[in-house]
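Colleague: I would like to learn how to read the strands, sheets and helix contacts of a model. Could you take me through this one?

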Number of protein chains: 2
Amino acid sequence: MTIEINKGACIDLFRSLTDDLTAELIRQAQTRTISPGALIFGAGSSGRVVHVLTSGCVKMVRTTVRGERVITRYVKPGEAFGMSAVFDEPYRADAVAVTSCIGLQWPSNLIRDTILRQPAAALDAMRSLDARLGEMEARMLGLSSGRVEQRIAHALAELADKFGRPGPNGIEILIPIRHQDLADLAGTTLHTVSRTLGTWETQRQIRRGRCRIVITNLAGLLGLARASTSSDPRPRRGHRRAGRRSG
Amino acid sequence: MTIEINKGACIDLFRSLTDDLTAELIRQAQTRTISPGALIFGAGSSGRVVHVLTSGCVKMVRTTVRGERVITRYVKPGEAFGMSAVFDEPYRADAVAVTSCIGLQWPSNLIRDTILRQPAAALDAMRSLDARLGEMEARMLGLSSGRVEQRIAHALAELADKFGRPGPNGIEILIPIRHQDLADLAGTTLHTVSRTLGTWETQRQIRRGRCRIVITNLAGLLGLARASTSSDPRPRRGHRRAGRRSG
DNA sequence: CGCCGAGTTGATCAGGCTCAACAAATGTGG
DNA sequence: CCACATTTGTTGAGCCTGATCAACTCGGCG
């Protein structure tokens, strides 16, 4: 078995390790295949294993008792998730398979020991945590300042960047995205997402199928995102949902 | 000089190091005193030093070109900030002194080398990054789902937890907090903050002075935060600001 | 064929943002 | 020590965005 997984994608967490060490770790891993929609682990459960996704897509979902939901992150192959297990802390979010997935998992103390013995790996892990912090901060900026249309456009752009592939009609987002998912990313409701995407489709900015989105005009979308009415310099305020789950 | 700083507070980043090592690092540090309101470093500037606050309070502020602002974090003594310098990445946010401050700073490569040589420190750093990630996720949940009143109450509660001290009239928040700051924490405007705090003061939940807040009834506040009208089970939706700076 | 999940669409309405103007506290200079 | 500028905070009026409610369509599946 080679270290490479899925056509060149490799495990971010082990980027700094020697091939031998990585191979050894992969040998020690438990492989797990997950079917779409399945819960890989639930928020609050005490994390005893660290996961790495090797193929497919996983979303991390945080939910409040009142039913409000946020997708904190989409995981793509090569990325680790459930890292809080390293610190013997419970998982913060549900990990839900978006597609069929293959994952590797290790007992958290094995990962911890590896990090303790391989400082370069520790630095890599820190770097990726820090990068995620930066992303979250940027999302917070968007959440607290942008209008809904902007936030949806931005969420789409990020999905396109992470899971998009150029296709005949534009950038196809390869993973299934429900309107509720976009709402959970953008901090709005599936109703507003539906209306907004509807408008964009008539404007030929995007194309839609069931759980499928193709972005025909990414620049146009981001233009919309930047200024909803370019001739009108003053920004408009928006609303905020108080989530009662609807999905 | 002892390792302890400011009545027992010590440097989180070096918690796992031996006293000798910590002392040595502190010897190598450059001490810096900062006056209130001063900019310690600006977002975007290439970070060449890592900071640790030893006394006072620093806020990390992210701003968009349009003038929307978010306070991503309040730093208290013992905590590190500007950690992205470790990865030779520019600072993501402005670091602004809230009070008079004393800080230590090191060239980022010195911290990096320390982390590489002291894996336990790496794990500590990872833990704190992960904890901050969790906080940000929780804040995102609040931002995208709660109503403004809840978010302000929650922001106050966190400030009370981090910078509060029991006083004759309740928990005093020891650092100066402008309404604009609360707005930047809660994702709203200073106007709404003013009105909301006004209501709470007449309800004897809090007391206010200029840039000073005392929480008389924390439980009550959080109760308000949980359900704005307890008799009415259905949550109300809210609005969202589109920040044109006003502070 | 009934059920469920996903998506659509219309009507309603209120939360809180925007605009605007003032008041009070702080700082600065002469 | 007073006049003036700046920062911080207050309050009112208006109104827009987008949440909520509700009802319906479409497609897949057992």
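Modeller: Start with one strand. Strand 5 of chain B, residues 69–75, is mostly covered, with 7 of its 7 residues buried. Keep in mind that this is a predicted model.

Colleague: Which strand is joined to strand 5 of chain B, and by how many bridges?

Modeller: Strand 4 of chain B, residues 58–63, is joined to strand 5 of chain B by 6 bridges, and the two run antiparallel. To fix the register, take one pair: B:R69 in strand 5 is the bridge partner of B:T63. The two strands form a hairpin with 5 residues between them, and in that turn B:G67 has a positive phi of about 95°.

Colleague: What does the hairpin of strand 9 and strand 10 in chain A have between its strands?

Modeller: There, 2 residues lie between strand 9 and strand 10 of chain A. Strand 9 (residues 164–167) and strand 10 (residues 170–173) pair in the antiparallel sense over 4 bridges. A:G164 stands opposite A:I173 in strand 10 of chain A.

Colleague: Next, whole sheets. What is the strand order of the open sheet that includes strand 1 of chain B?

Modeller: The order is 1-8-3-6 in chain B, an open sheet of 4 strands with antiparallel pairing. Strand 1 (30–34) and strand 6 (80–81) of chain B are at the edges with a single partner strand each, so one side of each has no neighbour in the sheet. Strand 1 of chain B pairs with strand 8 (residues 101–107) of chain B in the antiparallel sense over 5 bridges. Within that pairing, B:C101 in strand 8 is the bridge partner of B:I34.

Colleague: And what lies across strand 3 and strand 8 of chain B?

Modeller: Helix 2 of chain B, residues 108–117, lies across strand 3 (49–55) and strand 8, and runs at about 75° to strand 8 of chain B.

Colleague: Which strands are at the edges of the sheet with the order 9-10-12-11 in chain B?

Modeller: That open sheet of 4 strands has antiparallel pairing. Its edge strands are strand 9 (164–167) and strand 11 (206–209) of chain B, each of which pairs on one side only. From one strand to the next, the twist averages 25°. Strand 10 (residues 170–173) and strand 12 (residues 212–215) of chain B run antiparallel and are joined by 3 bridges. B:E172 stands opposite B:V214 in strand 12 of chain B. Helix 6 of chain B, residues 190–202, lies across strand 11 and strand 12 of chain B, at about 125° to strand 11.

Colleague: How should I read two helices that pack together?

Modeller: Two packed helices are described by the angle between their axes and by the distance between those axes. Take helix 4 (residues 148–163) and helix 5 (residues 179–186) of chain B: their axes come within 9 Å and cross at roughly 110°. The two helices are therefore roughly perpendicular to each other. Helix 4 of chain B contributes B:R151, B:I152, B:A155, B:L156 and B:L159 to the contact, and helix 5 of chain B contributes B:L182, B:L185 and B:A186. By class, this contact has 7 nonpolar, no polar and 1 charged residues.

Colleague: How many residues does helix 4 of chain A have, and which of them are buried?

Modeller: Helix 4 of chain A, residues 148–163, has 16 residues and reaches 22 Å from its first C-alpha to its last, close to the 22 Å expected at 1.5 Å a residue. Among its buried residues are A:V148, A:Q150, A:R151, A:I152 and A:F163.

Colleague: At what angle do helix 5 and helix 6 of chain A pack?

Modeller: They pack at an angle of about 105°, with their axes 8 Å apart. That makes helix 5 of chain A roughly perpendicular to helix 6 of chain A. A:H179, A:Q180, A:L182 and A:A183 in helix 5 meet A:L190, A:V193, A:S194 and A:L197 in helix 6. The residues of this contact divide into 5 nonpolar, 3 polar and no charged.

Colleague: Is A:H179 buried, exposed or partly exposed?

Modeller: A:H179 counts as partly exposed, because its relative accessibility is 25%. Leaving aside neighbours within four places in sequence, the contacts of A:H179 include A:R208.

Colleague: What does chain A come to overall?

Modeller: Its secondary structure comes to 7 helices and 13 strands. Of the 247 residues of chain A, 52% count as buried.

Technical notes
Residues numbered from 1 in each chain as written. Chains lettered and ligands numbered in written order. Predicted model: local features only at pLDDT ≥ 70, side-chain atom pairs only at ≥ 80, totals over all residues. Heavy atoms only, no water. Pairing = 2+ DSSP bridges. Axes fitted to C-alpha atoms, helices over the stretch in contact; angles between N-to-C directions. Contact = heavy atoms within 4.5 Å. Parallel < 35°, antiparallel > 145°, perpendicular 65-115°, else oblique. Nonpolar A, V, L, I, M, F, W, Y, C, P; charged D, E, K, R; others polar. Expected span 1.5 Å × (residues − 1). Buried < 20%, exposed > 50% of the residue type's maximum accessible area, 1.4 Å probe, protein only.
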